[in-house]
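Work through these exercises with the sequence and the model side by side. Try each task before reading its solution.

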Amino acid sequence: MKTDVIQLFENPYLALGVTIAVIMAYLSVNAIMLIWLERKLSARIQRRIGPQRGPFGLMQQIFDMGKLLSKELLTPEHANKLLYVIAPILVFAPVVALSSLFPITSTYIFHDFNIAIVLILAISGINVIGIFLAGWGSNNKYALLGAVRSVAQNISYEIPLILSVIPIVMITRTMSLYDITLAQGTYPFVLVQPIALIIFIISATAETNRAPFDIPEAESELVAGFHTEYSGMRFGLFFFAEYSNMIFACALATVLFLGGWRGPFLPDAVWFFIKVYALIVLMMWFRWTFPRLRFDQLMKFAWVVLVPLSLINLLITTLVLKIV
Amino acid sequence: MLEQAVIYTFVALVLIGGFMAAFSRQILYAIIGLGISLLGLAGLFLNLGSPFVAAMQVLIYIGGITVAIVFAMMLSIAMSIRPPDPDTRKLGFAIACAVIFFGAVAHLIRGAQFQEIASPASEKAWSVGALGHALLTHYNVVFETLSLVLLLAIIGAILIARKAST
């Protein structure tokens, strides 16, 4: 019924190469298009027109890419050269590695992994270290402050994020994303776990450092936070990582709560991407609607509101599952 | 051949990371070394055929412990001060302890009668379900004792921190 890339190509190395190529190509194009979408959307929300070069302003992104690619890669004199260069890679690499786990269609998947959720939660934590090394390696006080904030924020919001995923695992008794999608045959889990979805979206917004949780890169306080000292494509890599993390979080929410590829009439992949991009538009809408939180408000919200709420949700789910 | 190379790469990661963690004068490098070492360990678990344990290793030790150490370090002055020069007496004591511990472990390993057990018939034997079942039935007492020890460590850390601040 389902075919993964290894069965398709009958050669694990070829399958690996094709998977990485497809994911890298998709994530690059996706990041470029999402930046365009974000600029157009923010323009609409603020009653502006937004970029206008080419049809729908699409050429603007091509020019921006050319600019980023041709810029000189500056390294600050007193920066720690090795950490400074490694950090952007460390921030971007986890998303690329994890994107192969998502079942986009019911027939062709990259790979169905029986502990996919544990793997996702484990490896997505690595980019915190990348952000910290970026801030520390730059030898810049704004960068370091941004990194400190980012680590604190990521640790705090990772807990409600994990706690909001656990009820789904308890209901389906599986950690494979493919099987979780299959389990949502009659109804998507958003109907039984609406609170978990809300907690997940809020935590994911915080994990991706986006407004109203963009304290690590608050431009009015910290220049650009942890990537203040980065230029050219190294800065571009942080940008790619942010938009790739967004699509990653939205894809995870789609699989866990919205039924993944499931939907009437249209082909599987179309439904999957409709749901993912709807969530992305929602996250962009947040960014241009809500003001930035203060740091103490941010921490308090995570520990006083989200963690207890997700624990209560977990408890109720346990009781209901025990009774039913 | 390729498998051997992969195993030795992971072993090298563990050793290099360990050396970095133990001998670097800069505390951040020590933490990075610890992270590299733990990553190598996760790779070894993966190689032994248990992706779940490898993923947990990454989740808890790299995503949790290493990040927590980084976090604690950021809030202290440890990052900006120069570490004191090594004390030869302490160094000698540490080396002696390390040699004795290494000797004891090496002796135990050399004396142990390892039996080659057949690799588990199916992936089921190593599955998450089997592990969870074993932890909550057969190894229940060990499991609970470990969590109690962790709780004690947390309470102890809080007590020490409070005493230092007052």
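**Exercise 1.** Which residues in helix 12 of chain A are buried?

Some ground rules come before the solution. This is a predicted model, in which local features need pLDDT of at least 70, side-chain atom pairs count only at pLDDT 80 or more, and totals for chains, interfaces and linings use all residues. Residues are numbered from 1 along each chain as its sequence is written, while chains are lettered from A and ligands numbered from 1 in the order in which they are written.

*Solution.* Step 1: locate the helix. Helices (H or I, at least four residues) and strands (E, at least two) are DSSP runs, numbered from the N terminus. Helix 12 of chain A covers residues 268-289. Its 22 residues reach 32 Å from first C-alpha to last, close to the 32 Å expected at 1.5 Å a residue. That expected span is 1.5 Å times one less than the number of residues.

Step 2: apply the burial rule. A residue is buried if 20 or more other C-beta atoms lie within 10 Å of its own, exposed if 12 or fewer, and partly exposed in between, with C-beta atoms placed from the backbone. Trp271(A), Phe272(A), Lys275(A), Val276(A), Leu279(A), Ile280(A), Met283(A) and Met284(A) are buried.

Step 3: find the partners. The buried residues of helix 12 pack against helix 2 (12-45), helix 9 (194-207) and helix 11 (232-257) of chain A. Two residues are in contact if their C-beta atoms, placed from the backbone, lie within 7 Å.

**Exercise 2.** Describe the two chains by their elements, burial and contacts.

*Solution.* Step 1: count elements. Chain A has 13 helices and two strands. Chain B has six helices and zero strands.

Step 2: read the burial. In chain A, 45% of the 324 residues count as buried. In chain B, 14% of the 166 residues do.

Step 3: read the contacts at a separation of 6 or more. In chain A, 78% of them join residues 24 or more positions apart. In chain B, 45% join residues at least 24 apart.

Step 4: check the dimensions of chain A. Its radius of gyration is 20 Å, which agrees with the value near 20 Å for a compact globule of 324 residues. The radius is taken over C-alpha atoms, and the globule rule is 2.2 Å times the number of residues to the power 0.38.

**Exercise 3.** How many residues does each chain give to the contact between chains A and B?

*Solution.* Step 1: chain A gives 17 residues and chain B gives 16 residues. Step 2: on the side of chain A, helix 5 (116-123), helix 6 (126-137) and helix 7 (141-172) each give two or more residues. Step 3: that side divides into 16 nonpolar, one polar and no charged. Here Ala, Val, Leu, Ile, Met, Phe, Trp, Tyr, Cys and Pro count as nonpolar, Asp, Glu, Lys and Arg as charged, and the others, Gly among them, as polar.

Step 4: look at Ala55(B). Beyond its neighbours within four places in sequence, Ala55(B) is in contact with Ile115(A), Val118(A), Leu119(A) and Ala122(A).

**Exercise 4.** Where is Arg47(A) found, and is it buried or exposed?

*Solution.* Step 1: Arg47(A) is in the loop between helix 2 and helix 3 (59-70) of chain A. Step 2: Arg47(A) counts as exposed because it has 6 C-beta neighbours inside 10 Å. Step 3: Arg47(A) has a positive phi of about 55°, although it is not a glycine.
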